[in-house]
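Here is a structure to question. The exchange below sets values against their definitions.

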Amino acid sequence: MIDAEKPLDSNSLQTHAACELRLYDTASHAVSPFVPIVPGKVGIYVCGATVQSSPHIGHVRAAVAFDIVRRWLSRLGYQVTFVRNVTDIDDKILDKAAAAGQQWWERAYLYEREFTKAYDALGVLPPAYEPRATGHITDMVELIGRIIDNGHAYVIRDEHGKPTGSVYFDVASWPQYGELTHQKQSSGVDTGTAEGAGTATGAANEVDEAAAVADRMGPSVDATGNDTYNPVDPADASPDKHDVRDFALWKAPKPSDPPTARWATPFGTGRPGWHIECSAMSHRYLGRMFDIHGGGLDLRFPHHENEMAQTKAAGWNSAARWMHSAWVTAKGEKMSKSLGNGLSVPAVLAQDSPWVVRYALGSVQYRSMLEWSDQTLAEARSAFERISNFIERAGAALVDDALSNNASTHNGQPSREEVIAVSADDLPADFVTAMNDDINVSGAVAAIFTSIRSGNTLLAQLAAGTQPSTGGTTTDLLRNTLLSVRAMLDTLGLDPMAEPWAGYAGSGSAAAGAGTPEHDVLDALIAQQLDARAQARKAKDFAKADAIRDALNAAGVAIEDSPNGSTWSLA
């Protein structure tokens, strides 16, 4: 039985379950035991948004996936430092801002706020820190200097020997390049000739062959096709590079770049390359080595491969483990704006409640491709009905049972403090086993519904007045099951009684439209029914109380009982 009074100490590893956690590592293509660098603590860096335009469902899938990873680590008793960056300057932001007649920083901040709003709406916990790339230019310049001094980068100079502002990582100087995505090395590629172009094609074929070999090692997010392995990032295309694989650490400005997007450095005026940003920011906030580096699958190459190489070339350690969430697909294709099938978060939330959307995004294991369809959302809505129905009925039954037995207190729903305090060791074994198996959310959801079925059986026994032969009273077992269900849901960010879900029910809520004349009238009418129900309970006329509740439910009004009274929401 759950000990709801035991606090969860986030400063030390409290649970035995933590010893069984196994996570996938992209670099090793294997699931292995997770052992933190510092006992009891976990540092996570996740690549956040490049804020060039509005977020779509494909963007926020990664945010939800790593939010679940973070929540499970916390439930295991780890003190988690979670950092998620914002890329607020790059070629796309500059180009799109110019086309729209905007300042680039104006556009970046506009869409940063949109992403934050989407994260908040979907219950994604805020990071410990959310650094912007432009706030860490000094860190990047110092890091590039280290890489140059170590002989792994070169500065492009003009005919007079003056630095132009372009600095490239010298891939040929770093034999370990390709260790994250298991790519083969090739050297001497001259990007300025037809022969060089042919060599680049040959390098791409080698990359594809290596990827195929790696993919045969086992089912994983790595089985995604050749397009992931494009060896040249278009943003890095330049005739100045020594090798087609070299990538920009610092970039000379384009003629169209505004003066506000240029910084003076020892290697010339320019702006940061994409990859250097995350190396600088992760080191700044998590140190020379940290536990987990996460991001969407599309970032694995070239972004994370390049990030790993430049970090190590600077003399630092890379992340101990790299994790990547798979794509959201629509009719089998990766969801992206370029394919025209990107669904904006506001448009999706206009059709379904945020709880339903989060469930749809997070109900499969993070490495599994997620097909976004009407069926996906229909299953999420059905899940909400089953979950909310049990939670509401269990809470009401506990209150009714206490009143009928003249109990001095009549607790219904466990408090949020009780839910948060439940440690992983006190959760059902099948849920813990699933979550410890590389965050197998599908198995965890199955465990939740197993507990709900048990809870429904207890509700029937309570209504019939029967008691179990062992293990405590039916009331005690029901409350324990209710607390367990809500704690499991909370681990997935889906406890309906928590923020931001409190007040939601399906696609409507009592809070929606609050303050309007229509809402005030409806509130007054329902309040009369709730008062009549409360009087019937007080008179122990439970048949009448149940009839009132059933009538309101039939009209689409859900009732939530608590020690402080009853509240309503639209079902």
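**Values against cut-offs**

Q: What makes the link at the start of α2 a polar contact?
A: A side-chain oxygen of Asp 90 lies within 3.2 Å of the backbone nitrogen of Lys 92. A polar contact is a pair of N or O atoms within 3.5 Å; within protein, one must be able to donate a hydrogen and the other to accept it, and residues adjacent in sequence count only if both atoms are side-chain atoms. The model is predicted: local features need pLDDT of at least 70, side-chain atom pairs 80 or more, while totals for chains, interfaces and linings use all residues. Numbering starts from 1 along each chain as its sequence is written, and side-chain values use heavy atoms, without hydrogens and water.

Q: Why are α4 and α6 called roughly perpendicular?
A: Their axes (lines fitted to C-alpha atoms over the stretch in contact, with angles from 0 to 180 degrees between N-to-C directions) cross at roughly 105° and come within 9 Å. Roughly perpendicular covers 65 to 115 degrees, so the label applies to α4 and α6. Contact (heavy atoms within 4.5 Å) involves residues including Leu 143 of α4 and Ala 280 of α6.

Q: What makes helix α9 mostly covered?
A: Nine of its nine residues are buried, that is, under 20% relative accessible area with a 1.4 Å probe, protein chains only. Among them are Trp 355, Arg 358 and Gly 362.

Q: How do you know that β5 and β6 pair?
A: Pairing needs at least two DSSP bridges between two strands. Four bridges join β5 to β6, and the strands run antiparallel. Val 155 stands opposite Val 167 in β6.

Key. Helices (H or I, at least four residues) and strands (E, at least two) are DSSP runs, numbered from the N terminus. Angles under 35 degrees count as roughly parallel, over 145 as roughly antiparallel, 65 to 115 as roughly perpendicular and the rest as oblique. Buried means under 20% relative accessible area, exposed over 50%, partly exposed in between (1.4 Å probe, protein chains only).
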